[in-house]
Every structure is written in structure tokens, then in C-alpha cells.
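This report covers salt bridges, a metal site and one helix. The chain is shown first.

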Amino acid sequence: MTSSGLPPEAGPDGARVVTMLRELAELTSDEAGAQRVAWTGIWQRARAFLREQLQGLPVTVRTDAAGNQWARLPGGGSGVVIIGSHLDSVPDGGWLDGAYGVMCAVEVLRCLAARGPLPCTLALVEWADEEGARFGHSLFGSSAVAGTLNVAEVRELADASGLQLGDVVAEHGVHLDRLDEARQELLGARAYLEAHIEQGPVLEREGLPISAVSGTVGVERHRVIFRGQTAHSGATPMDMRRDAFLAAAATALAVRESAVRHRGVGTVGAARLRPGIVTAVAGETVILVDQRHPDAGALEAMLREAQRASEEAATAEGCSVSWEPVFRTRPQPFADELVDVVREVCAELTGRERVLPSWALHDATPMAGAVPTAMLFTSSAKGISHAREEDTPEEHLRLGVEAFYRTVCRVIELD
Ligand SMILES: [Zn+2]
């Protein structure tokens, strides 16, 4: 450090990234956690904070047709390398999910702007509504840009208070009829790179601060409806019941058993009983099933096994069962040559090579279908995320900033 600040050739300042993240958390959290839910005032405050961080840099800042914020640092030659993540959070979320990747990108942009003309354009993107916390549809902005957003489907969505997605996003300058225009943002795109916390326990368990990511796993999400017969809890003998909840409960156990056998994950995260009172056998039960696996064949087997188990359970309880798809995405591998760059950089900094699949979806998932993509993970303390307790040791966050910077430099062929 000199009296005039960092010299132009200085690397990134990891401490500055941590400071920005703490300031953002201070600005957009309450005692229950981060409250940067997309399409809300607090989210807009977070986005304004980002614009403040970009002030003074030689970048043009604008918002695209899907509500994503971009900051472009023009360079020579052709092609664009895109770096970024999201600022929105789940309700009562953590301080690092998404925000870490955005602030890493700010720091890399700041360093590279100071190095003078770049061989290609570097674009920071802050994706709109990655979490889907308000309308239940994840990856809004990134899938619009990648061309995989189903507009007819999102048009139908409403939030818990009944407000339509189309009306709400229009208040933020996004018009569903013009979403397609967002695809122009990828013109000339050569690569997309994203830093993110792991949100799981693997790196911590292996004693690793950072790693490369091989891709994101496939996801099958279904609503499963069991129908039996509502009846009096007291007056109905046990051998005369058609208990829809018991069929659902047996299915939930089968979802777990199948996930364990295939080394995937399976979750029944929601259940609704009708009438849902203690004095009635449930005549109807609806559960939401989420199954994930890095291998498409194994994921398909997990789904088939859960469906078969639900039919057997329904028959045993005298019920019917039907499955409705809610969301589905295939395993999305990242670009080998970019994963190799991240892997090499991490090996330089940690002395160990490790490439993990991501069990969470990210904006990198739709992007990987459109542009060569890679991600860098930093560890998550106790593997906890989407919660106030979400954390990462500061030295891991700082190492991640250095690794992300070196990755970007190599991808834009600075050294
Ligand atoms: Zn995230």
C-alpha cells in the first residue's frame, strides 16, 4: 500500500470485499437475517449499494429487460467475459449467499480497471431474483438472459398476498412482453464465472477453504396428491380407514431411502393435510418432493422408485395418488476448460485439487446452457445456508477473492 492507495498492479483486496459484505448486511438485514427478497424495497436498497460501490470506476451501469444490473468495463478486441451473482436473498437469509459473488466481482472489476486496457470487455452482472422467494420461481433474470425462462408459466404466478408477478415486476421496470430482449446481453459472451459459498458441508469437512465446481446437479420437483376419505378420528375403526397422510408419510420414507441408496438427496419439504384437524382422518394430503443427483440416470431411477413406492403406499391405504411436475432441470456440467482453470488456481493457493458438484442451483445453471461457464466455491461453516447462521471463515472469503481474481485474469488472458 502506498500513500496514494493501491498501486495499479496490486491484486485484489479481500478485506475490502468482507467490509462491503458487512456494510450490505448492516443495511439490508434485521435480527432474523438478510431480508433482500427480490422485487422489494430492501432488495432495491441492496442494488443501490452496489451502484455506490461501482461509482468512480470507468464502467457503464445499466439494467436490462429482465431487471438484471450490468456494469461493463470496455476492453480491446472482441468478446465479453461475464462475472457476477445475485443480491436477492430468501427471507431471514444469510449475509453471503449471492452477495459474496457480486462483491468478489466488484473487487475484480476495480483491480482490472486499474490495470489499464483489457484484451476484452469485462461485464459484471447482478442477476434479478435468483432465489424465487416471493413467487416460487428461481433464476428469473439469468434464465431470461439464457433464453430458458418460460414466460407463459411465470405470468401465472402470484405471491402469498395474491399479487401477480407481472404486475410486481412492472413496478421495477420489467415487462414480461419484452423479456426476450434480455437475450441480447449475451452477444459476444465468451465465458461466465461466478464465485459462491458452497452452502453445504463438504469443503469444511475436508478442511478445504475453496474449490472448483464441476456443474450443478439435476433436480426433479413434484407435487404429489394422495386422496382417501375424510372420516371421524374417534368413530372410524383402524381397519376401515383410507388415510391419505399415512400414504404420504410412507412415500416420504421411500424418498429418503432411495436417495441414500443412489447417493443423491431427496426431501419432502412441505405437506398439507385436509381437513388438517386432530379429529379427522386426512382425506387428502399434498406433499412437495425434491430429488437431486449429478447423474441423470440415477435421478431418473430415484424418481421412478419414489413413484412406485407412492403407488404401493396409496394402494395399501386405500387411496389414490397423482404426481404433477413443479420444476425439473437436467444435470448441468460446466465447461471443462474453465473448470480446469479454477481447479489449477485453487491448487496453487491451497496445495490441493478438488472439484465438487453443486447440489444447489445457481445463476450459473442456465448460463452454462448458453455460454462456457465455471464456478468457484468457498467453504460454508457447518454447511448452513439460507439462514441467519450462514457464515464462512474470513480467511476463506479472502482466499476466494484472490482465486476468483486469478481465474478471471487467466480467462481474459492477462497473463
Ligand atoms: Zn445463491
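## Salt bridges

The count of salt bridges comes to 27. The model is a predicted one. One of the salt bridges joins R16 and E107, with their closest N and O atoms 3.0 Å apart. This pair links distant parts of the chain: R16 lies in helix α1 (residues 14-28) and E107 in helix α3, 91 residues apart. R16 is partly exposed at a relative accessible area of 26%. E107 counts as buried, because its relative accessibility is 0% and the cut-off for buried is under 20%.

A salt bridge also forms between the side chains of D290 and R221, at 2.8 Å from N to O. Here too distant parts of the chain are linked, with D290 in strand β13 (residues 284-293) and R221 in strand β9 (residues 218-227), 69 residues apart. D290 has a relative accessible area of 13% and is buried, whereas R221 is partly exposed at 23%.

## Further pairs and a network

E353 and R343 form a salt bridge in which the closest N and O atoms are 2.5 Å apart. E353 sits in the loop between α10 (336-350) and β16 (355-358), R343 sits in helix α10, and the two are 10 residues apart.

Salt bridges also link R227, R272, R274 and E284 in a network.

## Zinc site

Which protein atoms are the donors of the zinc ion? They are NE2 of H86, OD of D97 and NE2 of H196, at 2.0 to 2.2 Å from the zinc ion. D97 and H196 connect distant parts of the chain: D97 is in the loop between β5 (80-86) and α3, while H196 is in strand β7 (residues 189-197), 99 residues apart. Along the chain, the spacing of the donors is H-x10-D-x98-H. D97 and H196 are both buried.

## Helix α3

Helix α3 (residues 99-114) has 16 residues, and at 1.5 Å a residue it should span 22 Å. The C-alpha atoms at its ends are 23 Å apart, which agrees with that expected span.

Is α3 largely enclosed or exposed? Of its 16 residues, 14 are buried, so the helix is largely enclosed by the rest of the structure. E107, the α3 partner of R16 in the salt bridge described above, is buried at 0% relative accessibility. After α3 comes G116, which has a positive phi near 95°.

How values were computed. Residues are numbered from 1 along each chain as its sequence is written. This is a predicted model: local features need pLDDT of at least 70, side-chain atom pairs count only at pLDDT 80 or more; totals for chains, interfaces and linings use all residues. Side-chain values use heavy atoms; hydrogens and water are left out. Helices (H or I, at least four residues) and strands (E, at least two) are DSSP runs, numbered from the N terminus. The expected span of a helix is 1.5 Å times one less than its number of residues. Buried means under 20% relative accessible area, exposed over 50%, partly exposed in between (1.4 Å probe, protein chains only). Donors are N, O and S atoms within 2.8 Å of the metal (3.2 Å for Na, K and Ca); water is not among the atoms, so sites may look incomplete. A salt bridge is a side-chain nitrogen of Lys or Arg within 4 Å of a carboxyl oxygen of Asp or Glu.
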